[in-house]
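Q: I am new to this structure and would like to understand one part of it properly. Could you pick a single part, look at it closely, and then place it in the rest of the chain?

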Amino acid sequence: DVSPVVAGLIGATVLVVSVSVTVFVWTCCHQQAEKKHKTPPYKFIHMLKGISIYPETLSNKKKINRIRRDKNGAPKEPGRGNLLVDAAESGLIGSDKTPDGPNTAPHVDQLPIKVDYGDELSPDQSLTPGGSKTSSPSSPGDDVMLGELTFLVDYNFPKKALVVTIQEAHGLPVMDEHTQSSDPYIKMTILPDKRHRVKTRVLRKTLDPVFDETFTFYGIPYSQLQDLVLHFLVLSFDRFSRDDVIGEVMVPLAGVDPSTGKVQLTREILKRNIQKCISRGELQVSLSYQPVAQRMTVVVLKARHLPKMDITGLSDPYVKVNVYYGRKRIAKKKTHVKKCTLNPVFNESFIYDIPIDLLPDISIEFLVIDFDRTTKNEVVGRLILGAHSVTAAGVEHWREVCDNPRKPVAKWHSLSEY
């Protein structure tokens, strides 16, 4: 015999469990039905050797960490010398305060420097490789054979999708003299909009990589294929410096007809021509050197005509300033982020104590970066002034600063693609 209270508790428990199970089963069935009728949530699907991989499993941060764990060796211990760097406001800055807050007082950082590190590589090197590394094809020099790239182009009419398979590359140049090899990978972009940016995995120590990776780009009408250009950028991964650019391949789809099936193409990898890159906007900077105080004042003034980086058609730009002595980065600073603008006004200055005898070996790199709170920040463009300047305007600006001490020299510069 069961008392009425116990019987009531048992009945209520059975009822709650039954309702919970019913709701759970209905929710699962409803989600499965939605997935079957829902269009792909991403612009492309990455096919790695025939296996569908969605972008959430291809986090750039996780991939880089995994690759770095595979690398052998450790960075060299920095030297014990000192270079004093501080940030302060200069007379070129306007009286208006920025929305990011009041200007802070100058501060001094002590940074490592060695007298013989001209042959070393910085962990974030972006200057032309040298020393033990082979010269990058993007630097001036004699033309060399950069190899060939083979890929497939196809079109999926039911899904209105362009399908590009990066198959393999042959005859790549040696980018690391220590291993007499390279660690190649490929970045691909569809021009002119650059809305689709993808990249392959890194293949270790090979000059003839076989990628066999397929990228599917949705929402591209077949009638628009004739106006598109496939841009392949071939790079070599480097753990201790910025990845080296081997070359590029530009393939206009005007002469390609994938309507009858897959079209296999083989194109020669050419030296990257920075001058032909699509405009990345302009940056205005001012430099002034005080020979008595042996101090360089760098002022990031403003930028204009920056490319649209956000879905809103705007960007959230800021500028990162790197100072190099030889090929070693000795200082880094950054401006505040300017929200929702393609023509930001920064008016921020940084002061660096640089001995006059080191001035011929100093380079200053400006990276305009689009801030993103949810994903990785993306570099919009770059500018280099000083010993490693690659443009005539940059060389002239640096020469004018050195020839006119104590005089602020402000100029506009076109940003190059990163």
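**A strand and its surroundings**

A: Met-188 stands opposite Phe-232 in strand 10. That strand is the starting point here, in a model that is predicted. Met-188 belongs to strand 7, residues 184–191, which pairs with strand 10 in the antiparallel sense over eight bridges. Phe-232 also has a bridge partner in strand 11, namely Val-249. Strand 11 covers residues 244–252, and its pairing with strand 10 is again antiparallel, over eight bridges. Strand 10 itself runs over residues 229–236, and because seven of its eight residues are buried, the rest of the structure largely encloses it.

The loop before this strand leads to a group of rings. Over the whole structure, a search finds four aromatic pairs. In one of them, Tyr-155 and Phe-157 meet edge-to-face, with 4.8 Å from centre to centre and 75 degrees between the planes. These two residues differ in cover: Tyr-155 is buried, at a relative accessible area of 6%, while Phe-157 counts as partly exposed because its relative accessibility is 40%, which falls between the limits of 20% and 50%. Tyr-155 also pairs with Tyr-222, again edge-to-face, at 5.3 Å centre to centre and with 65 degrees between the planes. This second pair joins distant parts of the chain: Tyr-155 is in strand 5 (residues 148–156), Tyr-222 is in the loop between strand 9 (210–218) and strand 10, and 67 residues separate the two. Tyr-222 has 28% relative accessibility, so it counts as partly exposed. Through these ring pairs Tyr-155, Phe-157 and Tyr-222 form a cluster.

Strand 5 can be followed further. Strand 5 and strand 6 pair in the antiparallel sense, with nine bridges, and Leu-152 stands opposite Thr-165 in strand 6. The two strands make a hairpin with four residues between them, where Lys-160 takes a positive phi near 50 degrees. Strand 6, residues 161–170, is mostly covered, with seven of its 10 residues buried. Strand 6 is also joined to strand 9 by seven bridges, and these two strands run antiparallel. Here Val-163 has Thr-216 of strand 9 as its bridge partner.

The nonpolar cores come next. The largest has 33 residues, and Leu-283, Met-296, Ile-364 and Phe-366 have the most contacts inside it. At least two residues of this core come from each of several elements, including strand 13 (282–290), strand 14 (295–304), strand 18 (362–370) and helix 3 (392–403). Among the residues that Phe-366 touches, leaving aside those up to four places away in sequence, are Leu-283, Val-298, Val-319 and Leu-385. Apart from this core lies another of 32 residues, with Phe-151, Tyr-155, Ile-246 and Val-256 among them. Tyr-155 of the ring cluster is thus also a member of that second core.

Some figures for the whole chain complete the picture. The chain holds three helices and 20 strands, and 43% of its 418 residues are buried. Of the contacts between residues at least 6 apart in sequence, 69% join residues at least 24 apart. The accessible surface is about 22700 Å², with 55% of it belonging to carbon and sulfur atoms. Elsewhere in the chain, Arg-304 lies over the face of Trp-412, 3.8 Å from the ring centre.

Definitions and conventions: Residues are numbered from 1 along each chain as its sequence is written. This is a predicted model: local features need pLDDT of at least 70, side-chain atom pairs count only at pLDDT 80 or more; totals for chains, interfaces and linings use all residues. Side-chain values use heavy atoms; hydrogens and water are left out. Buried means under 20% relative accessible area, exposed over 50%, partly exposed in between (1.4 Å probe, protein chains only). Two strands pair if DSSP finds at least two bridges between them. Contact means heavy atoms within 4.5 Å. Accessible areas come from the Shrake-Rupley method with a 1.4 Å probe; for residues, only the protein chains shown count as cover. Rings of Phe, Tyr and Trp (its six-membered ring) pair if their centres lie within 6.5 Å; planes under 30 degrees apart count as stacked, over 60 as edge-to-face and the rest as tilted. A charge sits over a ring if NZ of Lys or CZ of Arg is within 6 Å of the ring centre and within 35 degrees of the ring normal. A nonpolar core is a set of buried Ala, Val, Leu, Ile, Met, Phe, Trp, Tyr and Cys residues joined through side-chain atoms within 4.5 Å.
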